[in-house]
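Colleague: I am new to this structure and would like a close look at a single part. Please take one sheet and what lies on it, and then place that part in its surroundings.

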Amino acid sequence: MITLTNNILTVEQLKKYFFTYQGIVKAVDRISFSVEEGETFGLVGESGSGKSTVAYTVVGMYRPTEGKIVYRGKDISQESKKRPHTLKKEIQIAFQDPGTSLNPAMNIKQILELPLKVHNISKNHKDCIDKIKELLKMVQLPVSYMYKYPSMIGGGEKQMVAIARALATNPSFVLLDEPTSALDVSVQAKIINMLIRFQKEFSLSYLFITHDLSLMRNVASRVAIMYLGKICEIAPTSEFFKNPLHPYTQMLLSSISVISDEEEALKPRKIISTGEIPSPVNVPPGCSFHLRCPKKMDICSQEDPVMVEVSKEHTVRCHLYTK
Amino acid sequence: MNFMPNPLLEIKDLHVWFKVFEGILKVLDGVNFTVQPGEKVGLVGEMGCGKTTTMKAIMRLLPMPPAIIPKGEILFKGKDILKMGQVKLRQIRKKEISMIFQDPTAALNPVFTVGTQLQDAVRFAEKSGKNTEKEDIRTRAIQVLKEVSLPDPERVLQNYPIQLSGGMRQRVCISMALVSTNELLIADEPGTSLDVTIKDQILRLLKELGEKRDTSIILISHALGAVRGMTDRLYVMYAGSMVEVAKTKDLFAHPLHPYSQGLLAATPRLTGGGIGEGIDGRIPEYINPPKGCRFHPRCKDAMPVCKDKKPPFFKVDENHEVACFLFQNCR
């Protein structure tokens, strides 16, 4: 997998376990995927499926229990502290809730100044102020916002500041951890369009995490579905929505509420969502989805299926497709 | 539909203000809203546009010192809820209207078991308060839990809310709202804090229960998709007043108000093809709201008249009304 040259990030057999009094939480369990240079790779799953843990591990907030994270040919599976300074500049993250990811005691200028100072991007004070103004202009916020505090501005604007902060260091890879899930649709549309524009302008690669499949349809070039720490299905976006294979994917797609009849026609019928995601402490044996699966077979409760490639670039982890 | 003789609930020109340190927040600015018996009505709008405030006003749950209601009527079966005494109000909350809140975690008390809380609700709803036998109350509690298809209701009764998952908690909240036979059920974003698959289950459950019991439902949501399959009629709300009302199908097919159009365009679609540009700006400050139509600073089609006069509802056809001067000739 590493031999492919145009991959900016390759994750191989990544494991992240948390050891708690209740038992081992297998938040991420042997997942592999790769993000190509300049693409938006989507990661979808319900809450508790381990999407954010993947992001935090890639960015270095957690140390992987096992497995490899390769960034542009370099192994970066060490802890954040041991990562080289330049690497931190390259990989940035925007968090889900802008209300908590911005320091309420700092004003916007101080927030945007910090990455510039840490990475020695601006030479002097004036340069720094200019750069901050430029950043604010880039995300279409008035320059007068520099001396406002996060609590004084709206949720959408906070997220814009968070994105500006992530882009301050000129990264090439940005992790977007549900950047718009706390926002209204009209604001979400603005932010998403802005992100798409930045991607073209600065040739960024995104790892886009969300639980909203209809949003994913419009931003990602490839999509991976996660369930209980494992990836069920990876496919290019158009193929994925035309021909969903894994029963869980079908269930997810059938549960989306849509706003037009054309979309209704795309949803797989006759699959009705049942049950809930089990606790990651007691993962069911065999395929972790078998308790909710409408197409369950005997083998599902005994053996964990492996990833099989069904068609080009479309892989699925389900016993239905092993032969 | 608006001219049917006896609506179940009718809100007329409701204003709700909040007194705060900086002045007066004029949140609701003349809300008009009707629900017919047995009808499922949707209410969509962005955060902070006053959806929940309207519903809390119906239930008289607004904290009254900061909140003031300078104008308006809320008629439930012809009687004004705002003028009711405590005894009558209790009767209404007990038998006629109940509400499901947005966040099930916050709606349940964490220090009591589900059983305690649910049985309290049952005891409150039963007419003969003290005389009801303990066993009867318990049976009724188990029965409502079964109705919302919770597995193993006996165990759930002994659990604390924290021991249940989000979906289960929301089911408990729904069952609590269902203990008395109600005529109006207000569901305030019942699936927003839940995952898609669970949300789908909850919405389906509400739909089934609504059909089975023939209750009227007001479904509030900030996502347009959620109300599409569930409701007959849909209101769109912006900054404290209704801007458009129509049959749900018509509204999705031909949205007329620039705000509704913007909302629909901004919603990501499964068919792909990118997302609309969204609407510039944000909901106005309620301390000093824009004069005239509150949407005019964000509106692409704003005309001079929008700046000084608040548009009334213009009737476009039988069931479709829109509060925008673009359609003033349609009346």
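**A sheet and the helix across it**

Modeller: In this predicted model, helix H1 of chain A, residues 51-59, lies across S1, S2 and strand S4 (66-71) of chain A. The helix runs at about 70° to S2(A).

The sheet itself is an open one of four strands in chain A, with the order S2-S1-S4-S5. Its pairing is antiparallel. Strand S2 (23-36) and strand S5 (74-75) of chain A stand at the edges. Each of these two has a single partner strand, so one side of each is left without a neighbour in the sheet.

At the S2 edge, the partner is strand S1 of chain A, residues 7-20; ten bridges join S1(A) to S2(A), and the two run antiparallel. One place to look for this pairing is Phe19(A), which stands opposite Ile24(A) in S2(A).

The chain that holds this sheet has eleven helices and twelve strands. Its radius of gyration is 21 Å, close to the 20 Å that the globule rule gives for 323 residues, so chain A is as compact as a globular protein of that length. Along its principal axes, the C-alpha trace of chain A spans about 70 × 45 × 40 Å.

Chain A also touches chain B: 32 residues of chain A are in contact with 35 residues of chain B. On the chain A side, at least two residues each come from helix H7 (185-202), helix H8 (213-219), helix H10 (247-255) and helix H11 (261-266). H7(A) gives the largest share, eight residues. By class, this side of chain A has twelve nonpolar, 13 polar and seven charged residues.

Within chain B, a pair of helices can be set beside the sheet for a view of helix packing. Helix H4 of chain B (residues 114-125) and helix H7 of chain B (residues 166-178) have axes that come within 9 Å and cross at roughly 20°. Angles under 35 degrees count as roughly parallel, and H4(B) and H7(B) are therefore roughly parallel to each other. Their crossing is right-handed. The residues that meet are Val114(B), Leu118(B) and Ala121(B) from H4(B), and Val172(B), Ser175(B) and Met176(B) from H7(B). This contact of H4(B) with H7(B) has five nonpolar residues, one polar residue and no charged ones.

Key. Residues numbered from 1 in each chain as written. Chains lettered and ligands numbered in written order. Predicted model: local features only at pLDDT ≥ 70, side-chain atom pairs only at ≥ 80, totals over all residues. Axes fitted to C-alpha atoms, helices over the stretch in contact; angles between N-to-C directions. Parallel < 35°, antiparallel > 145°, perpendicular 65-115°, else oblique. Left-handed = near helix turned anticlockwise from the far one by under 90°. Contact = placed C-beta atoms within 7 Å. Nonpolar A, V, L, I, M, F, W, Y, C, P; charged D, E, K, R; others polar. Pairing = 2+ DSSP bridges. Rg over C-alpha atoms; globule rule 2.2 N^0.38 Å.
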